[in-house]
Amino acid sequence: MSTMPIATTRSMTGIPTGRLAVWWVIGSEIVIFGGLLACYLLLRNLYPHWGESAAHTSTLAGAINTFVLLTSSLFVVLAHHAAERKRHIAAFFYLWLTIGGGLTFLLIKAFEWSYEIAQGYTITANLFWSYYYTAAGIHASHVIVGMIIMAIISFDVLRQRNLPRVELIGIYWHFVDIVWIFLFPLLYIAK
Amino acid sequence: MDLIIEQASSFAADIDMVILLIAVLAGFWFFLAEAVLFYFIFKFRQRKGVKAQYITGTRKEEKKWLHWPHNLIIVCDLVIIFFAIKVWYDIKQDLPPAQEVVQVIGRQWSWQFVHPGLDKQLGTADDVATVDELRVKVGVTYHFKLESRDVLHSFSVPVFRLKQDAVPGRVFTGWFTPTKTGTYDIQCAEMCGMGHGLMQGRLVIEDEAAHDEWLRNKAT
Amino acid sequence: MLRLYVVVALSFSLPVVASPRQGKQTYAFCAVCHGERGEGNHTVGAPQIAGMEEWYVREQLLKFQQGVRGTHPEDIAGMRMRPMARYLQNTAQIEAVSAYVAALPTLKSTSTLKGSWVKGEVHYKLCIACHGADGKGNSQLKAPALVGRSDWYLLTQMRNYKAGVRGNDPKRDPVGMTMRPITMTLDEQAMIDVVAYISGLR
Amino acid sequence: MTEQNFWQKYIFSTDHKIIGMQYMFTGMIMALIGGYFAYTFRMQLAFPGTEVFGFGTVSPHEYNSLVTNHGTIMIFWVAMPVLLATFGNFLIPLMIGCDDMVFPRLNRLSYQVFLLSAIVLVASFFVAGGGFGGAWTAYPPLSAQAKYNMTQYGATLWLIAVALEFVAFLLGGINFITTLMNSRAKGMKMYDIPIVLWMIVLASILFMASVGPLIAGAIMLLFDQTLGTGFFDPAQGGDPILWQHLFWFFGHPEVYVVLLPAMGIVAEIITVFSRKKLFAYKTVLYTAFATGVLSFFVWAHHQFIAGIDPRMANVFAVTTLLISIPIAEMLFVYIATLYGGSIRLTAAMLFALSFLAAFLIGGVTGIFLGASGADIYFHDTYFVVAHFHYTFFPIAILAVFAGLYYWFPKMFGRHMSETLGKIHFWGTFIPFNLIFLPLFFLGAAGQHRRIYSYELFSELNSADFQNLRVLATVALIVMLIFQLPFLYNFFASMLRGKVATANPWQANTLEWAAPSPPPHGNFATLPEVYRPPYEYSVPGRESDFWPQHEKPSGESKA
Amino acid sequence: MSEHTSAMHYVKIWAVLLVLLIISVLGPMLEVKILTLITAFGIAVVKALMVAAYFMHLNIEKRYVWYLLVMMLLVVGMFFVGTASDIMKPDGRNWVNRAAQDLRTPAADVSADSQQQAPTAH
């Protein structure tokens, strides 16, 4: 079962197959997040008073989370850097730093959300909060998926197998980071 | 079209004209293409000793067989676009001034109509509200204010060639001028739940005297 | 063409006569809102109908069909019922479904309103003449049983009578007309109380 | 290759051919369900209120559910899996000359998600309240709130099933695109790729680009249903029209997602059976690209009267009519390909030609609906129903049958019976026209869609109209009966049919270079490509075909 | 592919990104509408491009990956443009979104008003 088909090793485009597929995954994710954020923007323009609701979000928590994700992005690119030089121990170490970054992100998110829910700003409070939780929730689910895949890959890396996959998960992780870079001003900063 | 279903509004004939125009233009291409298709199937059926020709379709004199129909279709399309948008503009976009206004409210699963009373003003005490029955005067230009109370409905009067969805939270304005008296169907054209297929209204077009008589009866 | 129609129609359809089987089949239409056991569904405004008297079901269906009920703009649930009733096209279907509903075992209605049972008993004196002290109704007087009906439904109908939404057509609904003056004497709280009293009747 | 047991070989296989078969058989089962639904509600329309054989009386609630799920099943669980996934999975590796898809396990996962979605959908018919009945477009607030649609669980399960199906096809699509881009045989350049592969991959790209907003929308609608949020509830500031945009932004490209593979299949078949080179290969590609791009600009013609701004409708009317140009040109190319050919009317070719003939009707009637002025009248009438059946039926049924008859020898190594195939063809094509031609007329007479019974509508309740409805229903039953020869032919030929050689149709493309049926790994030695795919009847050559993988023998062609 | 770049290179990019982040947080505190938009969204775009170019290595990736990603963004843009005339405005030619108009009046802000003011940080 584990023998790789010859098809996978071919590369007519000059991009390795795995990376090409990841680009297409990201392409399809762009339209998913793009569609959601387009809806949000349309209604945000219709309802200027959403700014009052947005004022209740914690810019500080959002900023810290941006920092955490940017830093984890740095770690994953360093992991890729190490993997390319076959320094698998370093790559493993950086991957787990990245996962730690993801965990920190989720923890901050959890505190932030529980505080907001305790304040009465639940997903049904009004439409702004619905979008807030939905957009951030879909993003958080991507963070979780990325962490799981990264954990699986990290053990492969430790056994010096599938080192190119570090780059693939890295690209995905950067994309998740970029989504957050846009969510942060949309949901937190714009009042 | 008017052979299948009556025309009872001022713009019904315009819509039928567009339909006829498309039927002629598109029908021409349709029959031409089908005729060529079947002729080719017949003409170039397999015969002993006759080998197929080698045509790449990349030389100029071959491509003209694509280019000419292509350009002609663009012309036909432009003609259709022009007339379609003109009719659309007259019916949906640019409303003539109203002589009277009726309110149409869609509900699961009935139509409610609010007619102006004898004072011809909507929103006064003598308004007449009915369910599943719309009464209008022939020859009078009406605006209708279309609303929905729950889900999407679509106010459709086939004899008027008129259709407009009702969306909860929104009010749509449209117009019609009845041109002949009679009793016709009003249908709901947007899936609105279990009773959608049974959501039927009646449209009564009558002359002014009969309409006023009906209003007077309702008032007492 | 016509012959084909007849042949196919015969092979796929059953003769149209009232039968228990037809009642059950027809009731499948009703069950979507009123429930398999006739228990009703408050969210869609469908009252509990299990065990309703056969004559009453038949009359109300006919009233819905003829537009005596369910044509007032304020009667939202009635307007949902009307197209459904109109779909029953022959008397056999109406007979069958009325019998089926009447044969459904009566259910205890759950109470959704808080009213004073004691005050309700006072007001209920108005109702006794027709609906009986036990609330079992009187078919001679065309007064339906009140026990076993949903309390929110009873309240809505009393409000409807009072506001002229139901029973304001002297020609086609003389029976409904008799309810109107009685409900006129009750205010909102009194109606809730009397419904509470009815819910307590066995 | 190690010996595999039944489960490894057929159920949890990673082989692209087996996965293609799995999609095909799942699609066939779903098609039977969808056909049964069609039969049931057509019977109700022809003989309102009577007991339908095999179902019982149809209540309005059940009727809506049947109509909704017929549409959903036929598009998402029949057309998509059979056209995209079956032919895509089966053909892509074979036609580009490699041993498998690039991600075999992702491929298996894609099918498993798809199977799960089908199971969820079927389960939704049996929960309390019954299957979802708010039309396949699922417009809120009807679809969002149980107090309106009365199918609390059915609506949610339906939505989850559709969302899972999208995920399955995203996974599959990534696989298709990557495989075609990266794993072509040596020497196969851009313009050496068979049209059908171009079409399947273009369709996958279209699907991927258009489905995103709807996936986001589906999550929003799911929250509306289950959590009580107000994304599409006007009372809370949401907007029902937003869903319509989200839906049709996907819904219209979706038409081309299934159309393009069907066009591709037909291109393969008419070139082989008329022994002709495809007329203007590049033009077909350009028109396909143009269709794909334009399909993102036309979606709101589904909403002309749904409450969009009338000024915006003008823009969409223009783009909609423009999209007729590439489609018409594509059909002209196919007809021109027949010119000067030597046409063999096999069952596959009959289906392919009937696709052209029938799709022309579908295309032409679309102009009535795209022209905004005429659409005011035709919108949501049976004219629309007849129109899209004249597009979807050729796409999902005629083209699929053409493909099955054509590739059956490659799939199973045996031939199907041509006689039964021709019986099946005429028994499908003639009743198909008899079903839907009357519906054009009824639609023009103002008969609306999704109506449970026309007995309440005095204008539509005439005996003549009722006869037309009966005619359509009877034709449907005849057509369903004529699928029995096909099913017999299909399964009997699989076991006992005439054994097929590697290249029974004398075709050029690479899949015919592999043995029939191809073993795991497909080719003994992976082929190389020397020429474009449609070099039939090249002058100066003895045989009238010239396979892509045949080494040039020194002599130069003219 | 990034053999010639050292780890320090990535750290530098990261430092620039952090500076941008701080600006985007501080920008809105000036309470100037235009400045908020520029600092918040302009910097978001710059940050995204930097991450894409240097961390995802799009700067040395094949050209058509850019085309692919930009195509997807254009598709979203098309959706936004086609939808805007209906959703983004409370009224239009011959229609009024009355529900939206009601909500746009400040008094109708559903829940937040009844709540006490939440602090912006915790």
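**Chain E: contacts, helix H1 and domains**

In this predicted model, 16 residues of chain E are in contact (C-beta atoms, placed from the backbone, within 7 Å) with 19 residues of chain D. Local features need pLDDT of at least 70 and side-chain atom pairs pLDDT 80 or more, while totals for chains, interfaces and linings use all residues. Residues are numbered from 1 along each chain as written, and chains are lettered from A and ligands numbered from 1 in written order.

**Side facing chain D**
- Helices H3 (63–87) and H4 (98–104) of chain E each supply at least two residues here. Helices are DSSP runs (H or I, at least four residues), numbered from the N terminus.
- H3(E) gives the most, with nine residues.
- This side of chain E has nine nonpolar, five polar and two charged residues. Asp, Glu, Lys and Arg count as charged; Ala, Val, Leu, Ile, Met, Phe, Trp, Tyr, Cys and Pro as nonpolar; the others, Gly among them, as polar.

**Helix H1 of chain E**
- E:Tyr10, E:Ile13, E:Trp14, E:Leu17, E:Leu20, E:Ser24 and E:Val25 are buried (20 or more other C-beta atoms within 10 Å of their own, placed from the backbone).
- They sit on the same side of H1(E), because their arc (directions from the helix axis to the C-beta atoms) is only 135°.
- The buried residues pack against H4 (59–84) and H7 (165–189) of chain A, together with H2 (33–55) of chain E.
- On the other side, E:Met8, E:Val11, E:Lys12, E:Ala15, E:Val19, E:Ile22 and E:Leu26 are exposed (12 or fewer such atoms).

**Domains of chain E**
- An automatic or database assignment gives domain 1 (1–61) and domain 2 (63–98).
- Their C-alpha centres lie 26 Å apart.

Terms used:
Contact = placed C-beta atoms within 7 Å.
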